[in-house]
Amino acid sequence: MSSGTLVRSLGTAALAAVVVVSPATAVAAPSPPPPAPGAPAAGVAGLLTELQRLYQQAEQATETYNGTTAELKKRAAQAKKLDAALVTARRSLTKGRDAAGQLAREQYQGRSELSAYLRLLLMRDPEAALTQGQVIQRLAAGRMAAVQRLGAAEKRADALAKESRKVLAEQRTLAARKKKDRDTVRTRLKQVEAKLASLTADQLADVSGLERKNTDQAQSALVASGALSSSRPPTAQGGQAVGYAVRQIGKPYVWGAEGPGSFDCSGLTSQAWASAGRVIPRTSQEQWRQLTRVPMNALRPGDLVVYFPEATHVALYIGNGLVVQAPRPGTSVKVSPVASNPVLGAVRPDPDGTPLTSYQGPELPKGATDGSDEGYGASAAPAT
């Protein structure tokens with residue numbers, strides 16, 4: 001058996017004693033059977049546990065990388081906005097300084113409001129003096145406003161320049177962190193590769209067989225619990241998110257990708273909901289942390305199913321006990337059973353939405369459930 005066949009087992013659920021649904025439903029994965037005769041001393045379950053640990057560390061590293069990348073994008077957008085505002089503020093400041101210079105020249109040349117006021121005092125016609133006084137007051141108010149605008153422009157330009165310097169410093173920090181996160185991803189991938197290379201063909205076959213059996217048992221337990229009812233329709237936005245995810249089936253998994261040609265796990269779910277007009281967090285951890293949690297027995301199409309104790313993987317529920325997911329490098333977006341990984345829980349991006357009165361999910365393309373995980377490679381890690 002190839003190492004690629006084994007790594008498919010890394011994403012399937014049901015380690016011994018791993019809970020496969022949220023605490024609200026409390027359905028536990030069945031215990032694995034005893035190792036087959038001739039299994040290595042560490043045991044098949046022990047090998048599976050070790051490979052799962054390495055897999056989770058790799059996905060956690062990439063989601064950290066994704067989070068840093070998302071923050072860097074925010075800072076870049078913020079810096080661009082600040083630069084535009086700073087240009088406008090500096091133009092306003094230049095105009096204010098020109099106006100102040102004009103005031104100073106007029107004062108020096110005896111054409112300011114003060115000299116006009118002296119002329120007003122010497123006028124003999126009271127009515128003309130009153131009219132002239134009103135004009136002088138308006139002129140004085142306009143000059144005062146010009147001086148005030150100059151002061152405000154100076155303060156705004158100074159504040160924007162200070163904020164711009166701060167954002168640029170944050171960008172430099174995030175860029176360095178992104179490089180560190182990328183290197184961590186590469187290290188984790190190499191650890192998985194090294195572990196796979198150390199296993200014999202028989203060990204690979206034993207682990208893969210155990211994982212398939214446990215996945216089937218975990219999925220059956222979820223179905224028996226009623227957690228995967230197909231009778232709940234999505235909202236209009238949820239249906240749109242499902243449609244988008246299904247249309248991506250067959251596109252390759254790439255670390256850090258958000259489409260349109262390739263995706264990673266949270267890139268797929270975040271873009272599916274963005275296509276429906278709702279912005280959600282970029283990473284699986286933030287999706288789990290920020291979105292509204294729902295029990296597994298209340299799942300409806302469009303909900304996100306989050307996996308592993310550290311929320312390092314996520315998929316989009318499409319109904320009938322199935323999810324669309326981008327599994328890992330070497331694979332393509334595909335349809336899988338909900339229990340294809342150890343389930344942490346589920347979240348709902350549109351908790352206030354009104355479900356449709358009727359709903360028929362999109363037709364799945366041929367081979368939507370086909371394909372195996374081909375394994376990790378250093379080239380699958382982020383390039384930058």
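Arg 212 is partly exposed, at 42% relative accessibility; the class covers values between buried (under 20% relative accessible area) and exposed (over 50%), with a 1.4 Å probe and protein chains only. This residue is found in helix H5, residues 201-225. Its C-alpha atom is separated by 9.1 Å from that of Ser 340, although the two are 128 residues apart along the chain.

The model is a predicted one, in which local features need pLDDT of at least 70 and side-chain atom pairs count only at pLDDT 80 or more, while totals for chains, interfaces and linings use all residues. Residues are numbered from 1 along each chain as its sequence is written, and side-chain values use heavy atoms, with hydrogens and water left out.

The protein chain has eight helices and six strands. Helices (H or I, at least four residues) and strands (E, at least two) are DSSP runs numbered from the N terminus. Along the sequence the pattern is α-α-α-α-α-α-α-α-β-β-β-β-β-β. Of the 384 residues, 46% count as buried. Among contacts (heavy atoms within 4.5 Å) with a separation of 6 or more, 76% are between residues 24 or more positions apart.

Two helices can be set against their expected span, which is 1.5 Å times one less than the number of residues. H5 has 25 residues and should span 36 Å, which agrees with the 36 Å between its end C-alpha atoms. Its buried residues include Leu 204, Val 207, Leu 210, Glu 211 and Asn 214. An α-helix has 3.6 residues a turn, so residues three or four places apart point the same way.

Helix H6 (residues 236-247) has 12 residues and reaches 17 Å from its first C-alpha to its last, close to the expected 16 Å. Gly 238, Gly 239, Ala 241 and Val 242 are among its buried residues. The buried residues of H6 pack against helix H7 (265-275), strand S3 (313-319) and strand S4 (322-325).

Thr 269 has its place in helix H7 and is buried, with a relative accessible area of 1%. Neighbours within four places in sequence aside, Thr 269 is in contact with Ile 280, Gln 287, Leu 304, Val 314, Ala 315 and Leu 316.

Most residues other than glycine have a negative phi, and most peptide bonds are trans. A cis peptide bond, with omega of about 0°, joins Gly 259 and Pro 260; Pro 260 is found in the loop between H6 and H7. Two residues that are not glycine have a positive phi, as the table shows.

| Residue and phi | Place | Relative accessible area |
|---|---|---|
| Ala 311, about 55° | loop between S2 (304-307) and S3 | Ala 311, 3%, buried |
| Asn 320, about 55° | loop between S3 and S4 | Asn 320, 58%, exposed |

The largest pocket is lined by 19 residues, of which Ala 70, Glu 71, Lys 74, Arg 282 and Thr 283 lie nearest its centre. Helix H2 (44-108) and helix H8 (284-290) are the elements that give two or more residues to this lining, and H2 gives the most, with nine. A pocket is an open set of points on a 1 Å grid over the protein atoms alone where a 1.4 Å probe fits, with protein on both sides within 12 Å along at least five of seven lines; lining residues have an atom within 4 Å of a point.
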